[in-house]
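Me: Give me a close look at one part of this model, please: the pocket, and whatever helps me place it. I'm at the bench, so keep it plain and spell out any cut-offs.

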Amino acid sequence: MSTSELACTYAALILHDDEVPVTEDKIQAILTAANVEVEPYWPGMFAKLLAKKDMGDLITNVGAAGPAPAAGAAPAAASGGSAEAAKAEEAPEEEEEEEMDFDLFD
(Lines give C-alpha, C1' and ligand atoms only; values in the text may rest on other atoms or scores of the structure.)
Protein backbone atom coordinates (compact mmCIF):
# COMPACT_ATOMS: atom_id res chain seq x y z
CA MET A 1 0.00 0.00 0.00
CA SER A 2 1.39 3.34 -0.99
CA THR A 3 1.71 6.33 1.33
CA SER A 4 -1.07 8.09 -0.58
CA GLU A 5 -3.46 5.18 -0.13
CA LEU A 6 -2.62 4.89 3.54
CA ALA A 7 -3.07 8.63 4.12
CA CYS A 8 -6.49 8.60 2.42
CA THR A 9 -7.49 5.52 4.40
CA TYR A 10 -6.62 7.21 7.69
CA ALA A 11 -8.42 10.38 6.63
CA ALA A 12 -11.55 8.38 5.76
CA LEU A 13 -11.37 6.57 9.11
CA ILE A 14 -11.10 9.89 10.95
CA LEU A 15 -14.14 11.23 9.12
CA HIS A 16 -16.11 8.05 9.82
CA ASP A 17 -15.15 8.11 13.49
CA ASP A 18 -16.41 11.69 13.77
CA GLU A 19 -19.60 10.65 11.93
CA VAL A 20 -18.89 13.12 9.12
CA PRO A 21 -19.77 12.15 5.53
CA VAL A 22 -16.67 11.10 3.62
CA THR A 23 -16.22 13.41 0.63
CA GLU A 24 -13.30 14.28 -1.59
CA ASP A 25 -13.05 17.79 -0.15
CA LYS A 26 -13.06 16.58 3.44
CA ILE A 27 -10.41 13.94 2.79
CA GLN A 28 -8.28 16.59 1.07
CA ALA A 29 -8.81 19.00 3.99
CA ILE A 30 -7.54 16.42 6.49
CA LEU A 31 -4.55 15.60 4.31
CA THR A 32 -3.72 19.30 3.92
CA ALA A 33 -4.02 19.86 7.69
CA ALA A 34 -1.68 16.91 8.26
CA ASN A 35 0.75 18.32 5.67
CA VAL A 36 0.52 15.13 3.58
CA GLU A 37 0.86 15.39 -0.18
CA VAL A 38 -0.94 12.78 -2.28
CA GLU A 39 -1.64 12.39 -5.95
CA PRO A 40 -4.78 14.41 -6.74
CA TYR A 41 -6.87 11.42 -7.81
CA TRP A 42 -6.67 9.50 -4.50
CA PRO A 43 -9.16 11.52 -2.40
CA GLY A 44 -11.75 11.34 -5.19
CA MET A 45 -11.33 7.60 -5.61
CA PHE A 46 -11.77 6.99 -1.90
CA ALA A 47 -14.80 9.28 -1.72
CA LYS A 48 -16.47 7.50 -4.66
CA LEU A 49 -15.79 4.07 -3.17
CA LEU A 50 -17.09 5.01 0.25
CA ALA A 51 -20.20 6.63 -1.24
CA LYS A 52 -21.19 3.16 -2.52
CA LYS A 53 -20.10 1.13 0.52
CA ASP A 54 -20.95 1.41 4.20
CA MET A 55 -17.75 2.27 6.07
CA GLY A 56 -18.95 0.46 9.20
CA ASP A 57 -19.43 -2.76 7.23
CA LEU A 58 -15.97 -2.44 5.70
CA ILE A 59 -14.42 -2.04 9.14
CA THR A 60 -16.27 -4.92 10.78
CA ASN A 61 -15.82 -7.35 7.88
CA VAL A 62 -12.11 -6.94 7.27
CA GLY A 63 -10.85 -10.18 5.80
CA ALA A 64 -14.21 -11.92 6.09
CA ALA A 65 -14.57 -13.69 2.78
CA GLY A 66 -17.15 -16.13 4.07
CA PRO A 67 -16.80 -19.81 4.82
CA ALA A 68 -14.76 -21.90 2.45
CA PRO A 69 -16.65 -24.75 0.78
CA ALA A 70 -15.76 -28.28 1.85
CA ALA A 71 -13.39 -30.03 -0.52
CA GLY A 72 -15.82 -32.85 -1.26
CA ALA A 73 -18.88 -30.63 -1.54
CA ALA A 74 -17.88 -28.74 -4.68
CA PRO A 75 -17.51 -31.75 -7.02
CA ALA A 76 -20.72 -33.32 -5.72
CA ALA A 77 -22.69 -30.15 -6.33
CA ALA A 78 -21.13 -29.72 -9.76
CA SER A 79 -22.09 -33.25 -10.81
CA GLY A 80 -25.70 -32.73 -9.80
CA GLY A 81 -25.44 -34.46 -6.41
CA SER A 82 -27.74 -33.45 -3.62
CA ALA A 83 -26.79 -31.53 -0.52
CA GLU A 84 -27.20 -34.71 1.52
CA ALA A 85 -24.60 -36.48 -0.59
CA ALA A 86 -22.21 -33.60 -0.07
CA LYS A 87 -22.69 -33.80 3.69
CA ALA A 88 -22.06 -37.54 3.64
CA GLU A 89 -18.67 -37.00 2.01
CA GLU A 90 -17.48 -34.62 4.74
CA ALA A 91 -14.85 -36.01 7.08
CA PRO A 92 -16.33 -37.45 10.28
CA GLU A 93 -15.61 -35.60 13.50
CA GLU A 94 -12.85 -36.99 15.67
CA GLU A 95 -14.09 -39.08 18.54
CA GLU A 96 -13.15 -38.21 22.08
CA GLU A 97 -10.49 -40.34 23.69
CA GLU A 98 -11.85 -43.01 25.97
CA GLU A 99 -10.63 -43.19 29.55
CA MET A 100 -8.22 -46.08 30.02
CA ASP A 101 -8.12 -48.11 33.23
CA PHE A 102 -4.37 -47.89 33.60
CA ASP A 103 -1.83 -45.16 34.12
CA LEU A 104 1.24 -44.93 31.95
CA PHE A 105 3.51 -44.24 34.91
CA ASP A 106 2.32 -46.96 37.38
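Reply: First, the term: on a 1 Å grid over the protein atoms alone, a pocket is an open set of points where a 1.4 Å probe fits, with protein on both sides within 12 Å along at least five of seven lines, and lining residues have an atom within 4 Å of a point. Its volume is the space filled by probe spheres set on the points, which are joined across faces, edges and corners. You're looking at a predicted model, where local features need pLDDT of at least 70 and side-chain atom pairs pLDDT 80 or more, while totals for chains, interfaces and linings use all residues. Residues are numbered from 1 along each chain as its sequence is written, and side-chain values use heavy atoms, leaving out hydrogens and water.

Now the pocket. The largest pocket comes to about 160 Å³. Around the largest pocket you'll find T9, A12 and L13, then F46, L49 and L50, and finally M55, L58 and I59. Three helices (DSSP runs of H or I, at least four residues, numbered from the N terminus) each give at least two residues to that lining: α1 (3–17), α3 (41–52) and α4 (55–60). In chemical terms, the lining of the largest pocket has eight nonpolar residues, one polar and no charged ones. Here Ala, Val, Leu, Ile, Met, Phe, Trp, Tyr, Cys and Pro count as nonpolar, Asp, Glu, Lys and Arg as charged, and the rest as polar.

Two of those lining residues, L13 and I59, also turn up on the outside, in a nonpolar surface patch with M1, L6 and Y10. Together the five patch residues have about 510 Å² of accessible area, by Shrake-Rupley with a 1.4 Å probe. Patch members need over 30% relative accessible area and no salt bridge, with nonpolar side chains joined within 5 Å; a salt bridge is a Lys or Arg side-chain nitrogen within 4 Å of an Asp or Glu carboxyl oxygen. Helix α1 makes the largest contribution to the nonpolar patch, with three residues. I59 sits in helix α4, and counts as partly exposed because its relative accessibility is 41%; buried is under 20%, exposed over 50%, and partly exposed lies in between.

To place the pocket in the whole chain, you have six helices and zero strands, so the pattern along the sequence is simply α-α-α-α-α-α. Of the chain's 106 residues, 18% count as buried.

Next, some contacts around α1. Just before α1 comes S2, which is partly exposed at 29% relative accessibility. The C-alpha of S2 is 9.8 Å from that of V38, although 36 residues separate them in sequence. K26 belongs to helix α2 and is partly exposed too, at 33%. Between the C-alpha atoms of K26 and A11 there is a gap of 8.4 Å, for residues 15 apart along the chain.

Last, look at two loops. E19 falls between α1 and α2 (24–33), and has a positive phi of about 60 degrees without being a glycine. With a relative accessible area of 75%, E19 is exposed. N35, in the loop between α2 and α3, likewise isn't a glycine but has a positive phi, near 60 degrees. N35 counts as exposed, at 67% relative accessibility.

Methods: Patch = residues over 30% accessible without salt bridge, like charges linked within 9 Å, V, L, I, M, F, W, Y side chains within 5 Å. Buried < 20%, exposed > 50% of the residue type's maximum accessible area, 1.4 Å probe, protein only.
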